[in-house]
Structure formats: C-alpha cells, structure tokens
Amino acid sequence: MKYFVLLFSISSVLGWLGKVLHAEQEYAAILKEEDNDVIVVEAESFFKQENSNIRKWVVFGGEDSNDKKINEYVQAAGNKAFIQVLPDTRMTHQDTLVRGENFSEKAGELAVLSYQVNFKEGGRYYVWVRALSTGSEDNGLHVGLDGRWPSTGKKMQWCEGRNRWTWASKQRTKEEHCGVPYSIYLDIVNPGIHNIQFSMREDGFRFDKFLLTQDSLYVPKGKNPELI
C-alpha cells in the first residue's frame, strides 16, 4: 500500500475573524506517493464546497494576529492551517438548536466539502479526522463518498481532547454519545479517483486533516501521523 498526501496552493485575503483564506481558493492538487499504508489529506485542500449558503467552511492560516486563540490553533495545526464551519451560533447546550441551520443530523445537508483521492486498491478504509473542539456543541461531523452518505460515515464524534487537536474515529449512537470506535469507515468498491466528502453536523467544527487506512487497529498521532 502507499501513503498519499494531497498538497495545495491557495491565495490569501483579509476577511472574517482576522486573516482568513477564502474557501473558493484556487489550488494545485498533487498526489505524492510514500512507502506507508495510510492516506493523509489536509482539510483546507478541498476542491469544492457545496450547500454553503447557511453555513460555510472558512480557512484560517498564516498569522491571524487579531485573535491569539486562532494563532494558537493555526500553529498547532498541520501545514499551519485549518478550516472551521461558520457562523458558529450554538456554542453551548443552552444556545438554541436550529435543525438545518446550526445543527444537521442529515448527512450532506449543509456545508459539503469534496476531496479527490486516488485509491490504488479497493477495500474498506477506516476514517480518522484531526479536530479541535471546545465543548459538546462543536464536535460532530459526517463523512461520505461520491455523493453517497453511508450509515458508517454518519455522526463522527469527539469527547476527548478538549481545546487541542485530537485524532478520533468514533460514531455517536443512542447508547454511546461519545462514540463507538472502529465504526467509521468507507467501502471503496473500485480503485481509482473517488470524492471523499464531509458535511457539517454542528457549526463551529474545526478541521485540520483526515486520514484513511485499511488497518482497523491503526491509531494516528500528532501532526504528521506515521505507522506505530
């Protein structure tokens, strides 16, 4: 198996909450092969964003000097950039939940990102995401494939690692709100280029990168995960 990294180039502009990089940036996507068995993609290297009228992914990078906290998040993120779905109107459990606006149980409904990944072989790929949550209302995400949203990609959930970038691959269930491990995966039937997609579950979600592996027991660590 191979290790693929999706690289990108973007043009920066001044914007929302300091120095923000527009989501509709131009970039060059390059698949780089390495001798490891994981696929790692930076969150800000998406090639398309859809359903973004209500909520939208915004890229943060460089020196956002107007906000010390954003600076800290950027410096700790891989490639010194991350994306966040904004506006963030539900920060605590006391804030009003509006379905279809600041919360979406329906995968693919709001703020949909697409990434092109070239799979050398088909099979079951477990999905890990490096995210940063500050509470219980910015820690949920959905993942899909080629316009489909399988049940095994819904309700990705983070409970551990508050206020720091944390890898997780757990699915929230009625019985286990903090998520069941090894239950988030995508089945790639045919090798070749496929669209890996993510959509908002909770606004305010911060997203650094994602990882795909066929090893169900693999656990990534740090900015640049390696086999352990």
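A salt bridge is taken here as a side-chain nitrogen of Lys or Arg within 4 Å of a carboxyl oxygen of Asp or Glu. The structure is a predicted model, and by this rule it holds eight salt bridges. Three of them are described below.

The side chains of Arg201 and Glu105 form one such pair, with an N to O distance of 3.0 Å. This pair links distant parts of the chain, 96 residues apart: Arg201 lies in the loop between strand E17 (192-200) and strand E18 (206-213), and Glu105 in the loop between strand E8 (81-86) and strand E9 (112-119). Arg201 is buried, at 4% relative accessibility, whereas Glu105 is partly exposed, at 33%.

Asp187 and Arg124 make a further salt bridge, their closest N and O atoms being 2.7 Å apart. Asp187 belongs to strand E16 (residues 185-188) and Arg124 to strand E10 (residues 123-132), so the contact ties together parts that are 63 residues apart in sequence. Asp187 is partly exposed, with a relative accessible area of 38%, and Arg124 is likewise partly exposed, at 37%.

Glu72 and Lys69 are joined within helix H1 (residues 68-76), where a spacing of three residues separates them by about one helical turn. Glu72 is partly exposed, at 39% relative accessibility, and Lys69 is partly exposed, at 42%.

The N and O distances of these pairs are as follows.

| Salt bridge | Closest N and O atoms |
|---|---|
| Arg201 and Glu105 | 3.0 Å |
| Asp187 and Arg124 | 2.7 Å |
| Glu72 and Lys69 | 3.4 Å |

Definitions and conventions
Residues are numbered from 1 along each chain as its sequence is written. This is a predicted model: local features need pLDDT of at least 70, side-chain atom pairs count only at pLDDT 80 or more; totals for chains, interfaces and linings use all residues. Side-chain values use heavy atoms; hydrogens and water are left out. Helices (H or I, at least four residues) and strands (E, at least two) are DSSP runs, numbered from the N terminus. Buried means under 20% relative accessible area, exposed over 50%, partly exposed in between (1.4 Å probe, protein chains only).
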